[in-house]
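User: I have a structure open and would like to go through it with you. Could you take my questions as they come?

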Amino acid sequence: MTDTQILVIEDEPDLRAGLKHNLELEGYSVDTAADGREGLRKAKEGKAVLILLDLMLPLMPGLEVLRHLREIGRETPIIIISAKGQDRDKVQGLELGADDYLTKPFGLSELTARIRAVLRRTQAGAKSGGGERSGIGGVMKFPELVVDWKRFTIVRDGEETQLSRYEAEILRMLIEHRGEVVSRQDLLRKVWGYVHLPTTRTVDNHIARLRKKLERDVEKPVHVVTVHGLGYRFESPLLEES
Ligand code: CA
């Protein structure tokens, strides 16, 4: 399992060394970074299949590392490891595209269970190429809009945009249930795999980002509409599927 590299970005030397040691015993190969800037540099190299990210870090805070990685389209799964009382930061981290979080102190068994769960979820998503699980795949054409599930791209008015993994998962779920209302809770459960998250604003933020890519006018969405108090509905008729 030497190709399964985990990057640990943590400034506390004892915790960093402890995580490295224990994860290596679990069969992972482990690289470490002691501050945010070094962490970002190593994360950008793209060798790690998963990143453990502390939030309070010297030189660059963890949330900045996360924001930067997602902005440049890096979808490496990230588990936030943070101190107690940083709930607001954790929520923000999830909104920025982190995959899970753990509050310090945590046990090794809990950590490895979360790592396995996140890897299973993200690798299943990647392998299915956006389609196999749900039975939708290939290319779908809607008015003014083309969705390519193999490449995770959409074309609107001749312009191609890349979808992030979460955006693609949300869109897939909405399109699967097109014409029906999908609740925020359902999206949270199915897309993120959370049973309880402090807020469903995570969903709304991702919908807002998705709309910027899908809609000509985000103020008057025609594809993904809000059903007040209930959730979202994909409304466009499917014109062609290949
Ligand atoms: Ca720290």
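Analyst: What follows is a conversation about this model, which is a predicted one.

User: Let's start with the metal. Which residues are the protein donors of the calcium ion?

Analyst: The calcium ion has Asp11 (OD), Asp54 (OD) and Met56 (O) as its protein donors, and they lie 2.1 to 2.3 Å from the ion. Written as a sequence spacing, the donor residues follow D-x42-D-x1-M. Distant parts of the chain are linked in this way, since Asp11 sits in the loop between β1 (5-9) and α1 (13-25) while Met56 sits in the loop between β3 (50-54) and α3 (62-71), 45 residues apart.

User: And is Met56 buried or exposed? Same for Asp11, buried or partly exposed?

Analyst: Met56 counts as exposed because its relative accessibility is 60%, and Asp11, with 29% relative accessibility, counts as partly exposed.

User: Staying in that loop between β3 and α3, what is the phi of Leu59?

Analyst: Leu59, which lies in the loop between β3 and α3, has a phi near 70°, a positive value in a residue other than glycine. Most residues other than glycine have a negative phi. Leu59 is also exposed, because its relative accessible area is 57%.

User: What about Phe152, buried or exposed?

Analyst: Phe152 is buried, because its relative accessible area is 16% and the cut-off for buried is under 20%. The residue belongs to the loop between β7 (145-148) and β8 (153-156), and its phi is near 55°, again a positive value in a residue other than glycine.

User: While we're on backbone geometry, where is there a cis peptide bond?

Analyst: A cis peptide bond joins Lys104 and Pro105, with omega at about -5°. Pro105 is placed in the loop between β5 (100-103) and α5 (108-127). As a general point, most peptide bonds are trans.

User: OK, helices now. What is the angle between α3 and α4?

Analyst: Helices α3 and α4 pack at an angle of about 10°, and their axes are 10 Å apart. Angles under 35 degrees count as roughly parallel, so α3 is roughly parallel to α4.

User: Which residues meet there?

Analyst: On the α3 side Leu63, Leu66 and Arg67 take part, and they meet Asp89, Gln92 and Gly93 in α4. By class, the residues of this contact divide into two nonpolar, two polar and two charged.

User: Which residues of α4 are buried, and what covers them?

Analyst: The buried residues of helix α4 (residues 87-95) are Lys90, Val91, Gly93, Leu94 and Glu95. The elements that cover them include α3, β4 (78-82), β5 (100-103), α7 and α8 (201-214). Just after α4, Gly97 takes a positive phi of about 110°.

User: You mentioned α7. At what angle do the axes of α6 and α7 cross?

Analyst: The axes of helix α6 (residues 165-176) and helix α7 (residues 184-192) cross at roughly 125° and come within 10 Å. That angle is why α6 counts as oblique to α7, and the crossing is right-handed.

User: What makes up that contact?

Analyst: From α6, Tyr166, Glu169, Ile170 and Met173 meet Asp186, Leu187, Lys190, Val191 and Trp192 of α7. Sorted by class, the contact of α6 with α7 has six nonpolar, no polar and three charged residues.

User: Switching to single residues, what does Ser82 touch?

Analyst: Leaving aside residues up to four places away in sequence, Ser82 touches Asp54, Leu55, Lys90, Leu102, Thr103 and Lys104. Among these, Asp54 is one of the protein donors of the calcium ion, and Lys104 is joined to Pro105 by the cis peptide bond. Ser82 itself lies in strand β4 and counts as buried, because its relative accessibility is 0%.

User: And Leu19? Buried or exposed?

Analyst: Leu19, found in helix α1, counts as buried because its relative accessibility is 6%. Its contacts, not counting residues up to four places away in sequence, are Val8, Ile81, Phe106 and Leu111. Leu19 and Val30 are eleven residues apart in sequence, and their C-alpha atoms are 8.8 Å apart in space.

User: Last one, what separates Ala208 from Ala33?

Analyst: The C-alpha atoms of Ala208 and Ala33 are separated by 33 Å, and the two residues are 175 residues apart along the chain. Ala208 is placed in helix α8, and it is partly exposed, because its relative accessible area is 40%.

How values were computed. Residues numbered from 1 in each chain as written. Predicted model: local features only at pLDDT ≥ 70, side-chain atom pairs only at ≥ 80, totals over all residues. Heavy atoms only, no water. Axes fitted to C-alpha atoms, helices over the stretch in contact; angles between N-to-C directions. Helix = DSSP H or I, 4+ residues; strand = E, 2+ residues; numbered from the N terminus. Parallel < 35°, antiparallel > 145°, perpendicular 65-115°, else oblique. Left-handed = near helix turned anticlockwise from the far one by under 90°. Contact = heavy atoms within 4.5 Å. Nonpolar A, V, L, I, M, F, W, Y, C, P; charged D, E, K, R; others polar. Donors = N, O, S within 2.8 Å, 3.2 Å for Na, K, Ca; no water. Buried < 20%, exposed > 50% of the residue type's maximum accessible area, 1.4 Å probe, protein only.
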